[in-house]
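Colleague: I would like to go through a model with you and ask how each label was reached. Could you put it up so we can both look?

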Amino acid sequence: MTKPYKAAVIGTGSALPEKRLTNKHLESMVETSDEWIIKRTGIKERRILEDDVPLSVLAAEASRKAIADAGLTPMDIDLIIATTITPDYLSPSLACCVQKEIEAKNAAAFDMNAACTGFVYALQVAQGLITSGTYNYILIIAAEALSRVTDFTDRNTCVLFGDGAGAVVLGKAEEGIASVILGAMGESGSVLTIPCCYFSPEDAEKRNEGKKQVIWMDGSEVFTFASKIMCEASLKVLENSGLTVNDISYIFPHQANIRILQNAAKRLDVPMDKVYTNLENTGNISSASIPVCLDEASRKNLLKKGDKIVMVAFGGGLTYGAALLTWSK
Ligand code: UT7
């Protein structure tokens, strides 16, 4: 392509585990109720990866679908970026495990961790590598097995999270990613933590006895941050392209809590029918949530060529980001 080009989403795919964990199941595990969970979060069920299945298998399934949807084969992929906070191994990376599974032998591969904002961060990195002419086709695979780092005796967190994988293939097109904004607030990182190779006395204090590598979260702090930043980041990314919310067909937000999405929609003054949601059936699947939504919407033919969409996320770090994309499939 000699004309100026953009990095565009040319294929999408997703995979959710079969096993469902309903609010009713959770009622028998912690002191909670179906009514409380639905009213405070909007979640009815989440998917759980079976113990004997590596995340890379689920990630590979989503990746194969995205590559086929792009009309490519795994050998066409130049780079795999995996976003995850729950890789099977710290080394080899999830991206390398997926490369092996799908036999994408020509691809370089690495993992990125920006928690729930990981997919938006990866879009920015991939966009740079495509528009600079470094690579032609990049696979972003966002995959999470949050059930493996959830304390199922902590009702503050165990009702929220689930497992799943979403993938996109980026290639070149006349229209595509118009703008991305990213941000981080490391000074507030302690409100949402998952220890890995280091475990401080403060980390121990916050968790139930005997629990180490599990999520701890100050839910209301994250809630306040999220409601504000989702709106600000969306407005900023639109402003960068001289657009307003009236120009967009859909917002694909990180699926954390329906009340956060309603707050953000209200601040942005957009109707909820422009805000894509699936958290009712998936829970919060961290960085995988936006690409899973995108794949669902694409397969339901909700998106038309030329539609402008905003993807916006926030998460551990704390991190946040938004991307404006013109749909070009
Ligand atoms: O991906 C990014 C990461 N996470 C998020 O985005 C999550 C952001 N935060 C949230 O979604 C919400 O803050 C939660 C869903 C976590 C909590 O909802 P809330 O309306 O902010 O509740 P709260 O923390 O203010 O707690 C209200 C009450 C408390 O009881 P007391 O102290 O008033 O007696 C909690 O102990 O609700 C209690 N509670 C529960 N009750 C039944 C907390 N979790 C549960 C539960 N079932 N699962």
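Modeller: Happy to; what follows is a run through the labels, and please keep in mind that this is a predicted model.

Colleague: Let's begin with the whole protein. Which secondary structure elements does the protein have?

Modeller: There are 11 helices and 13 strands in the protein.

Colleague: What makes the protein as compact as a globular protein of that length?

Modeller: The globule rule gives 20 Å for 329 residues, and the radius of gyration of the protein is 19 Å, close to that value, so the description fits. If you prefer a box, the C-alpha atoms fill roughly 60 × 45 × 35 Å along the principal axes.

Colleague: How much of the protein is buried, and what supplies the exposed area?

Modeller: Buried residues account for 56% of the 329 residues. The protein exposes about 14,100 Å², with 49% of it coming from carbon and sulfur atoms. As for contacts with a separation of 6 or more, 77% are between residues 24 or more positions apart.

Colleague: And how far apart are the mean positions of the positive and negative charges?

Modeller: They are 4 Å apart, taken over 33 positive and 39 negative charges.

Colleague: On to the cysteines. How many disulfides does a search of the whole structure find?

Modeller: Zero. Take Cys 96: the nearest cysteine sulfur belongs to Cys 97 and is 7.1 Å away, and a disulfide needs the two sulfur atoms within 2.5 Å, so Cys 96 is in no disulfide.

Colleague: Why is the sulfur of Cys 116 too far from the closest cysteine sulfur for a bond?

Modeller: The closest one is in Cys 293, at 13 Å, and the limit is 2.5 Å, so a bond is ruled out.

Colleague: Are Cys 96 and Cys 116 buried, partly exposed or exposed?

Modeller: Cys 96 has 32% relative accessibility, which lies between the 20% and 50% limits, so it counts as partly exposed. Cys 116 has 11%, under 20%, and therefore counts as buried.

Colleague: Now the backbone. What makes the peptide bond between Ser 91 and Pro 92 worth a look?

Modeller: That bond is cis, with omega about 5°. Pro 92 sits in the loop between strand S4 (79-83) and helix H4 (94-102). Another cis bond joins Gly 317 and Leu 318, where omega is about -10°. Leu 318 lies in the loop that separates strand S12 (308-315) from strand S13 (319-326). Most peptide bonds are trans.

Colleague: Why is the phi of Ala 115 singled out?

Modeller: Most residues other than glycine have a negative phi. Ala 115 is not a glycine, yet its phi is positive, about 50°. Its place is in the loop between strand S5 (108-112) and helix H5 (118-131). Asp 269 also has a positive phi without being a glycine, near 60°, and is found in the loop between helix H9 (258-268) and helix H10 (279-282).

Colleague: Are Ala 115 and Asp 269 buried or exposed?

Modeller: Ala 115 has 10% relative accessibility, under the 20% limit, so it is buried. Asp 269 has a relative accessible area of 66%, over 50%, so it is exposed.

Colleague: How do you know whether Asp 151 is buried or exposed?

Modeller: Its relative accessible area is 2%, under 20%, so Asp 151 is buried. Asp 151 is in the loop between strand S6 (138-145) and helix H6 (155-158). Beyond four places in sequence, Asp 151 touches Thr 157, Cys 158, Asn 208, Lys 211 and Val 214. The C-alpha atom of Asp 151 is also 7.0 Å from that of Ile 215, 64 residues away along the chain.

Colleague: Two serines to finish. Where are Ser 234 and Ser 289?

Modeller: Ser 234 is in helix H8 (residues 219-240), and Ser 289 is in helix H11 (residues 289-299).

Colleague: What are the relative accessible areas of these two, and what do you conclude?

Modeller: Ser 234 has 2% and Ser 289 has 1%, each under 20%, so each counts as buried. Setting aside residues up to four places away in sequence, Ser 234 touches Leu 268, Val 310, Val 312 and Ala 322. On the same terms, Ser 289 is in contact with His 254 and Gln 255.

Terms used:
Residues numbered from 1 in each chain as written. Predicted model: local features only at pLDDT ≥ 70, side-chain atom pairs only at ≥ 80, totals over all residues. Heavy atoms only, no water. Helix = DSSP H or I, 4+ residues; strand = E, 2+ residues; numbered from the N terminus. Rg over C-alpha atoms; globule rule 2.2 N^0.38 Å. Buried < 20%, exposed > 50% of the residue type's maximum accessible area, 1.4 Å probe, protein only. Contact = heavy atoms within 4.5 Å. Areas by Shrake-Rupley, 256 points an atom, 1.4 Å probe, with all protein chains shown as cover. Lys, Arg positive; Asp, Glu negative; His and termini not counted. Charge placed at Lys NZ, Arg CZ, Asp CG, Glu CD.
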